[in-house]
Structure formats: C-alpha cells, structure tokens
Amino acid sequence: MHLSRFPRLRFGHLPTPLEPLPNLTRLLGGPRLWIKRDDCTGLATGGNKTRKLEFLVGDALARGCDTLITQGAVQTNHGRQTAAIAARLGLRCILLLEHRVATDEVEYLRNGNTLLDRLFGAELRELPAGVDMNAAMEPVAEEVRRGGGEPYLIPGGGSNEIGALGYANCALELVHQANEQGLRIDHIVHATGSAGTQAGLVAGLAAMNTRIPVLGIGVRAPRERQEAMVHALACAVAERLGAKGGIERTEVRANCEYVGDGYGIPTPAMVEAVQLFARLEGILLDPVYTGKGAAGLLDLVRKGFFEKDANVVFLHTGGSAGLFAYRRTFEAATDRTKPARLPQ
Ligand SMILES: *Cc1c(COP(=O)(O)O)cnc(C)c1O
C-alpha cells in the first residue's frame, strides 16, 4: 500500500493518539478498551472527515478547482470540516443542508456545526428532507461554472474511493502504533454512516494483510444496506490500492441495532454513553454518531460479545460540536441522573 501515489494535502494533526480507557475498562470488568482519538485531527474541532479531506481536497487542487460543494444533514460534521479547510485554502465553499431531522429547535438549526459553518464563511443552502442530495449538487455546480468558477463535488460524508483513502491511511497509522506499543488489537469498533470510514479501514487492513475485524455501529441504514454500501466502497478502494484478493463480503460487518427512531434522533443509550465517556474518561462523544457507536460498544461488552482478555479499539470519529445543537437532550438527562461512580 503506497499512499503517496495519490494527491494529498497534509493538514490533519497526525498521528492521532491511541490511548487506553482505564476507567471504562474497570467499570465494565473487561475487555481492555482503547480509543483512537480521531476527534483530535486538528481541523476545526477535529473528526474523521479531516483524513478524507486530505485526499479529496488534494484531488480538487490537482484538478484546478476553486469551489468545494458538498452536502449533509443540517448538523453535518463533514460540512463543518469542509468549510474550515476551504477557508484556510481560500476556496469558495457551498454546503447543501438537508432538514433530515424533523425539528424546529433553534439550537439544532443555528448552533453547533451550523454556527461554525457560518463562522468559516461557507454559503449554506437548506433543502427539505428526502431530497436526493448528491443529485442536488449538480445544478449548484452548473451555477458555479456559469459564474466562471471551477466546482469540485464531494459526496455526503466525503465517502467515495478518494475520501476513503484517508481511512486506509488511518489503518496504516493504527497498526503501526499498535506494533510500536506491543499492542495486539483484536477488534476495532466505530460508528458507520456514509461508509467511507469503514470501507477505508477494511481495505487498508486487507492491503496490509492484517484483517483485524472491524465492526461498524450503524446510525442510519438497516444492516443489509449498510454492509452492502461499505462492501461496495471497500472493494473499490482495495482495487485503487492494488490490494490482492479483494474484500470478502463477510469481512464487512455492521450492527444497526442502536439507531433508535432514526438518524440524529436521540436514544437513552446514546445519552448514557455520552455521559459515561464524559464522566469516567473526560472525553466528549457526539449525539449523532459516536454516542450511538459507543452505546453499541457498551451494550455488546455487557452482553459478552468480546472475549474478556481482548483488546478492543474504539475509533472516536469526532462530532462533539454537535453536542451544542442538542442542549435540551443533555440538560434534561443531567438533571435526572447522578454522576457515574467507579466501583471502589
Ligand atoms: C461522518 C461521521 C461518522 C461516520 O463516518 P462515515 O465515513 O460517514 O461512515 C462517524 N462519526 C462522526 C462524528 C461523523 O461525523
């Protein structure tokens, strides 16, 4: 796997730390939990889209583009990171925001990521729920071209075979760190949405012939669809990387039992996971992705899904800016619950 073959800009703060989660491990009585801190990638409060954008924006500049167009839900973390790198590079940035979560709460609509999007000078355009968002970028691109600009379209979540290279790179980085620390990784767990993160990881691990099992915790689609999406993209990335043997369908595993009522809709287990990570480890998760991902991790640990002596790495994909869009959810919860205490 030779990633220098692909255009790339370097703006992520890499490598991100790989750290133990001693208090959660103690509370749960094993397995040994670790965290890969991709919430610390450095770009505008960090997150997983930074690694993807290194390759996507590298490609955009190689093609002479001057305008980044992308899309997501109103509180898209991907949009916020795209807006930030566009600002740094002096590129125009247009974000299409889908009202995917049915709410008229002002915190959701104006605080968190959207506040930051505006701060970075991105142009925001809002669309109703259910619109084909990738298709909606086409007329915007045409409009940019008519104005003399050169648009670069980034799919939702930066998830195509270019963006996913960022997570092949993360796989390389993580395995290198584990080798240096003498850590045997038995499982990787993370939140999966638009599929680029898991696809890049799986393809990167396969290209190194490492084949550490990766479990994606779904936040939107049902399992069959999520796994099919990840598998298709992982195959495309593996081919791009020149990985022999491709990716078996069985190497792609997702658990979509923790979505609750839908994308971006809080669940009690999400709130519990966000509180536990905050109170036991001083780490901020987010309400849409990592909170549900960690809820899945905690539940699976409690059910004995992982061997007690296993090393399980939770990939923290970022998103804490979204907490400020969900003030009422967490305020209500902290009013109700006592602080978590470790067993003495
Ligand atoms: C986008 C995102 C994810 C999901 O990553 P995909 O590559 O879209 O599957 C997970 N966590 C956070 C915080 C995100 O913003």
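This tour goes through two sheets, a salt bridge, two pockets and a cavity, with a selection to make at each stop. The structure is a predicted model.

**The six-stranded sheet**

Begin by selecting strands β1, β2, β10, β7, β8 and β9, which in that order form an open sheet with mixed pairing. Colour β1 (18–20) and β9 (253–255) separately: these strands stand at the edges with a single partner each, so one side of each is left without a neighbour in the sheet. Viewed along the sheet, neighbouring strands are turned against each other by 30 degrees on average, direction ignored.

Next, restrict the selection to residues 32–37 and 311–316, which are strands β2 and β10. The two run parallel and are joined by 6 bridges. Within this pair, display Ile35, which stands opposite Phe314 in β10. Then add residues 165–181, helix α7, which packs on the sheet and touches β1, β2, β7 (187–192) and β10. The direction of α7 makes about 130 degrees with that of β2.

**A salt bridge between β1 and β2**

Show the side chains of Glu19 and Arg37, which meet in a salt bridge at 3.3 Å, N to O. Glu19 lies in strand β1 and Arg37 in strand β2, so the pair, 18 residues apart, links distant parts of the chain. Side chains of opposite charge can pair when their charged atoms come close. Across the whole structure, a search finds 20 salt bridges.

**The four-stranded sheet**

Now select β5, β4, β3 and β6, the order of strands in an open sheet whose pairing is parallel. β5 (123–127) and β6 (151–153) are the edge strands, and each pairs on one side only. From one strand to the next, the twist averages 25 degrees.

Select β3 together with residues 92–98, strand β4; the two run parallel, joined by 7 bridges. Here Gln71 stands opposite Leu96 in β4. Add helix α6, which packs on this sheet and touches β3, β4, β5 and β6. The direction of α6 makes about 155 degrees with that of β3.

**The largest pocket**

Select Arg100, Gly156, Gly193, Ser194 and Arg220, the residues nearest the centre of the largest pocket, whose lining comprises 40 residues. The volume of this pocket is about 670 Å³. To follow its walls, highlight α2 (49–62), β3 (67–73), α3 (77–89), α6 (133–146), β7, α8 (196–207) and α9 (223–241), each of which supplies at least two lining residues. Helix α9 gives the most, with 4 residues. By class, the lining holds 11 nonpolar, 21 polar and 8 charged residues.

**The second largest pocket**

Move to residues 268–281 and 327–336, helices α10 and α12, each of which supplies at least two residues of the lining of the second largest pocket. The lining includes Val274, Arg279, Phe324, Tyr326 and Glu331. This pocket has a volume of about 180 Å³, and its lining has 6 nonpolar, 2 polar and 3 charged residues.

**The cavity**

Keep Tyr326 displayed and add Gln75, Asn77, Asn113, Asp286, Pro287, Val288, Gly319 and Gly322; together these residues line the largest cavity. Its volume is about 30 Å³, and a search of the whole structure finds 1 cavity of 30 Å³ or more. The lining divides into 3 nonpolar, 5 polar and 1 charged residue.

Methods: Residues numbered from 1 in each chain as written. Predicted model: local features only at pLDDT ≥ 70, side-chain atom pairs only at ≥ 80, totals over all residues. Heavy atoms only, no water. Pairing = 2+ DSSP bridges. Axes fitted to C-alpha atoms, helices over the stretch in contact; angles between N-to-C directions. Contact = heavy atoms within 4.5 Å. 1 Å grid on protein atoms, 1.4 Å probe; cavity = no way out; pocket = protein on both sides within 12 Å on 5 of 7 lines; lining within 4 Å. Points joined across faces, edges and corners; volume = space filled by probe spheres on them. Nonpolar A, V, L, I, M, F, W, Y, C, P; charged D, E, K, R; others polar. Salt bridge = Lys/Arg side-chain N within 4 Å of Asp/Glu carboxyl O.
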